[in-house]
Structure formats: structure tokens, C-alpha cells
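Q: I am new to this structure and would like a close look at a single part of it, namely the place where two of its chains meet. Please take me through that part slowly, and then show me how it fits with what surrounds it.

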Amino acid sequence: MEPKTSLVSALFLFFLLYGTLASPTLKPSLKPRPPPHHPCRHLVFYFHDIIYNGKNSKNATATIVGSPAWGNKTILAGQNHFGDLVVFDDPITLDNNLHSTPVGRAQGFYIYDKKEIFTAWLGFSFVFNSTQHKGSINFAGADPLMNKTRDISVIGGTGDFFMARGIATLMTDAFEGEVYFRLRVDIKLYECW
Amino acid sequence: MEPKTSLVSALFLFFLLYGTLASPTLKPSLKPRPPPHHPCRHLVFYFHDIIYNGKNSKNATATIVGSPAWGNKTILAGQNHFGDLVVFDDPITLDNNLHSTPVGRAQGFYIYDKKEIFTAWLGFSFVFNSTQHKGSINFAGADPLMNKTRDISVIGGTGDFFMARGIATLMTDAFEGEVYFRLRVDIKLYECW
Amino acid sequence: MEPKTSLVSALFLFFLLYGTLASPTLKPSLKPRPPPHHPCRHLVFYFHDIIYNGKNSKNATATIVGSPAWGNKTILAGQNHFGDLVVFDDPITLDNNLHSTPVGRAQGFYIYDKKEIFTAWLGFSFVFNSTQHKGSINFAGADPLMNKTRDISVIGGTGDFFMARGIATLMTDAFEGEVYFRLRVDIKLYECW
């Protein structure tokens, strides 16, 4: 390789990389596939939801608060629960045991939003106040809950999770009839401050 | 220039520069207008909402699930529907024809939130699972729906829309009584990964 | 420069750039503590919430629209209002006086979400349309409202607050029985466009 050639190669390499960095203005179809992203923070938790059914008021962590014309507040409605709005305050654990010491609370709501199959829309927070984590992580997104895994957005965070953004992958880890379910939440943050 | 004057001048210059550096605290009206931003991705869709009215259960894509004391679940309430909470699973199309093949579903909720005029608050997702798009776009924001156009936030995305942020401009493209409306959604992403 | 050396240099350049790009993958515990962040914009507002109780329909700015099986639409439910969903359209003022000229409206919802103490989950917007501010700021997050201050996320903005992100610190500035409360909202934006 001659010096001149190597200079050309170096310049070529430079513009190649420069082009990659400046790419946001390129149309998506013209963009090369981006390299896979690596999270700056990765956390795994479980949370446990026990829906009030008229008899379990002591153990229930969630309750129906809105329902369609054909529904009520103690039994999830027909048509795949379409229209049922559930508020929850669920314990968060580090493993899949409901009776493990909670490390925080999952608080918010979900709404079943499809007549043909089970799907839901979620808006909730993980609220932590322990020696390990202080602060909250806020989530929103669609949950096509019959899929093995599904992704929602981490839309913000406070305290230890100040300004966080990322993706949370949900997985139904267990469910028992229409009263109990357990979700595994795999949180990958791609913006950490 | 006498020494004293020059000291005052120097101090003045110092505070002038200090003020410039500390500019985030300047009042917005004093800030120079930022250059216009260009989206890194631009998408246009339509979605179609048919509200359940007690008679159209087969076609309905949305239903009232919460209402104020003066409302019910099959007729939108008085006072500009203030307090009506609607859950929806609406088809998304590429043009304004309800009968075009859907390219995805708009899923989530809206709440009418003003007594004097029609306004709403929206939390929903566009969910895609086709050859063209896989993944979801999550939205939230206020919809002063009597305005010709109104902007809400793209608060996140997954799959093809991984970590997206941006603005969605809504436009009521058609409405028929209190049962059907069609929204045009102009999505401009300013953060693309 | 010999060919071999220039190849080594090019590789060095490549890994240097690669390392810079890949740096987000460091584990948080290995990262140096970040410096404290300074907001690029800081705003303080108050908003005022008057809940409909069956008698105050003229003054009410908020109403219960969802409730648990043991609740109703005119009285906040037992068990710390767990399950009550409230829609609001509250005046925003610059000081703590309910009768000051509003500079905008706070519109959205909150849900009481814990049986043992008062906590809520909030999704709402500040909507401005004055000479001073045009546009909206969108918020979401958990509100453990018995705490003196609590942080929620600014998840987006439009108009003058285009693409904003940040933290809003809430403080209960006053409350009167179960009908009126006033929140002080300290908005610190860390992403300004």
C-alpha cells in the first residue's frame, strides 16, 4: 500500500463514519441498518396482580373501576374484557415468588382494549424507596398480552432513574384464572443521565 | 477613559458575558428563535373510531367505560361529554377510506375533559405487524379537538420505531353525529435511532 | 509513514471512535457519578382542582368518572379513594390565588391507586394559549401525595415546549376537605429544543 492510497483509505473511512453519524436526515429507506443498541442499564423485576372479585378484598391489589355497558366492577367483562379499566398497586419482587419481600410497588392502570383477543393499554410506574433504589420509572404502551413477549416504552424516570428512557419487555410469567397474574419486566434503558 | 470607568466597563462586560453563558435562565422572549427542526422520519395515517351506542355492537370499535354522575355507557354525556372515558381499538388506514385494508390498530383511550367546549386527553398506541411496519408508536397529550390541527407528543416507540420521539399533528378528517369520526395523524419523528 | 503503521493507525482510529460510540454499555456501577444537572428551562405554576360533589356543579373543575365496586360518582371512595378515577380541567395560575387570571388549563386525569394511604397516578397536560406561552407540556407519573414533594416526568411538549423533557416537582400547597386542592408545580426541563 502506498502512502497516498493509505491517505485516501483513511479519508474514506472518516467519511464513512461521518456519514453514519450524520445519518438522521437520510430517509429511513436509504439508511443502512443501524448497529444493535446496547442498554446503559438493565434491570429485571416481577410484579404480581390480584384482581378484586367481590370476595378477596384483603388480598386484592387491583380493582375494576371502569367497564363497558355489558360489564360490572367485580367480574371481567365478556368480549375479552374489552373496556375493562383496572387500577393496581402491585408488589414488585426480584424473583417470581409472590411472597418475596417487595422491593417497590407497580402503580397505575391497564385497559383491555380489543374485542377479538386479549390486548391492553398500560400506564404505570415502578415506585422504589429502598436502600437499593430510590425513585420511579414511568411506563406507557400497548400490551398484546397473548404474545410471549411484548415491548412497551420507558417514558421517563425520577430519582435514581432521572430522565431515563428505554424499552421494557413484558412476559406473562404465570396466571391463575381471572384473579392472579405475574409479569416479568425486563427493563433496558438506552438513555441514562 | 479613566481607571475607574474602565473597571466599571470591565465589570459590565463580565456580567454581560456571564449572562450569555447562563442563558438557559433568560426569559424565552429574549432568546433568539431556534432554527426550524426537520423530522428524521415522517408518516401519515388515518384512523377510524366508531363508538358503541347500544345498537352497533358489531361495527363498534370503541366504547364508553367511564362517565360522570350525569352520564351513562351508551350515550355521550351532556356538558360537552365532560368526564366520558372511551376505550378504542380502531383500524389504521393509509387513506381516508374506512374500508381500506388496515395497516395496524390504534389502541388506547381518550377522556373528554372540559365542560364548556369539546377537548380530550389521549393516551394510545399505533400497533403495526405487517411487512411494512413492525412495532408500536406511543402517544400522549391534550386534544383541543375543535381546532383544525392540534399537536400531541410521540413519547416512545418499539420495534421499527425503537426509542422514537416526536410530534403528531391530529386533524379531524370527518365526523358523523356522535358515532363516527376519522382522524388524520401526521407523525413527525425528531429522534430516530 | 509505512504501510503497516498506517494500517495500525487506521485501526486505532476505528477503535477509538468505536469505543466512543459504544460507551453507553458501561455498567452503572463503573460509571463516575455524573455532575449535577442544570435545567435549561425552569417554570413554576399553580393549579386548582375543585371536585364535583353533587352540589357544586357550577364551580367544579373535576369529576369522578370511574370508581371501585364500593364507590360512587359524587363521594370519593373509602380505602383512601383506591380506584377513584377523576377527570379535570383546572385553571393554572402564576400565584397561589384561585381567583388570579388563569394563564392556561391543566387537563387530564388522576387515579387513586393504593388502599393503605393516598397515592395517585397522573396523566395530564398544561395547555397554554396566551401571549406569554403557546403550546402544551405533557406529564405522567406516580404521585405519592402524602410526601411534601414528589417528582413526575415531563414526557413531551409542543409549541413553545417543542420536544421538552424533564421533571416536575409537585407540592400540595393547600387542600380543603375532599373538594378543593391546589398543587404547586415546579417544572425543570433538561431537554430544550
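**The contact between chain B and chain C**

A: Chain B and chain C bury an area of about 2700 Å² between them, and carbon and sulfur atoms give 63% of that area. This value, like everything that follows, belongs to a predicted model. The area is a natural place to begin, because the size of an interface is often given as the accessible area lost when the parts come together. In terms of residues, chain B brings 33 to the contact, while chain C brings 39.

Turning from area to individual pairings, one finds 2 salt bridges between chain B and chain C. One of them joins Lys114(B) to Asp89(C), with 3.0 Å between the closest N and O atoms. Beyond this kind of pairing, the count of residue pairs in polar contact across the interface of chain B and chain C comes to 11, both residues of each pair being at pLDDT 80 or more. On the side of chain B that touches chain C, the elements giving two or more residues are the strands β4 (104–112), β6 (134–143), β7 (149–159), β8 (165–176) and β9 (180–191) of chain B. Of the elements of chain B, β7(B) gives the most to this side, namely 4 residues. Sorted by character, the residues on the side of chain B that touches chain C are 18 nonpolar, 8 polar and 7 charged.

One residue of chain B deserves a closer look, and that is Glu191(B), which is placed in strand β9 of chain B. Is Glu191(B) buried or exposed? Its relative accessibility is 14%, and because a value under 20% is what buried means here, Glu191(B) counts as buried. When neighbours within four places in sequence are left aside, the contacts of Glu191(B) include Met163(C), Glu191(C) and Trp193(C) from chain C, and Arg165(A) and Glu191(A) from chain A. Within chain B, Glu191(B) is also in contact with Cys40(B), Met163(B), Ala164(B) and Arg165(B).

Met163(C), one of the residues in contact with Glu191(B), lies in the loop between β7 and β8 of chain C. With a relative accessible area of 1%, Met163(C) is buried. Although Met163(C) is not a glycine, it has a positive phi of about 65°. That is worth a remark, because most residues other than glycine have a negative phi. Gln79(B) is another residue that is not a glycine and yet has a positive phi, in this case of about 55°. Gln79(B) is found in the loop between β2 (62–66) and β3 (85–93) of chain B, and with a relative accessibility of 36% it counts as partly exposed.

It helps to set this beside the contact between chain C and chain A, to which chain C brings 41 residues and chain A brings 46. Here the two chains bury about 3300 Å² between them, with 67% of it on carbon and sulfur atoms. The salt bridges between chain C and chain A number 2, and one such bridge links the side chains of Glu191(A) and Arg165(C), at 3.5 Å from N to O. Across this interface there are 11 residue pairs in polar contact, both residues being at pLDDT 80 or more. The side of chain C that touches chain A draws at least two residues from each of α1 (3–22), β4 (104–112), β6 (134–143), β7 (149–159), β8 (165–176) and β9 (180–191) of chain C. Here α1(C) gives the most, with 5 residues. This side of chain C divides into 23 nonpolar, 10 polar and 8 charged residues.

Finally, a few words on chain A as a single chain. Its secondary structure consists of 1 helix and 9 strands, and from the N terminus on the helix is followed by the strands, in the order α-β-β-β-β-β-β-β-β-β. Chain A has 193 residues, of which 53% count as buried. Chain A exposes about 9000 Å², and carbon and sulfur atoms supply 60% of that. In the segment after β9 (180–191) of chain A stands Cys192(A), which is partly exposed, with a relative accessible area of 27%. The C-alpha atom of Cys192(A) is separated by 9.0 Å from that of Gly166(A), a residue 26 residues apart from it along the chain.

Conventions
Residues numbered from 1 in each chain as written. Chains lettered and ligands numbered in written order. Predicted model: local features only at pLDDT ≥ 70, side-chain atom pairs only at ≥ 80, totals over all residues. Heavy atoms only, no water. Buried < 20%, exposed > 50% of the residue type's maximum accessible area, 1.4 Å probe, protein only. Areas by Shrake-Rupley, 256 points an atom, 1.4 Å probe, with all protein chains shown as cover. Contact = heavy atoms within 4.5 Å. Buried area = accessible area lost by both parts, 1.4 Å probe. Salt bridge = Lys/Arg side-chain N within 4 Å of Asp/Glu carboxyl O. Polar contact = N/O pair within 3.5 Å; in protein donor to acceptor, adjacent residues only side chain to side chain. Nonpolar A, V, L, I, M, F, W, Y, C, P; charged D, E, K, R; others polar.
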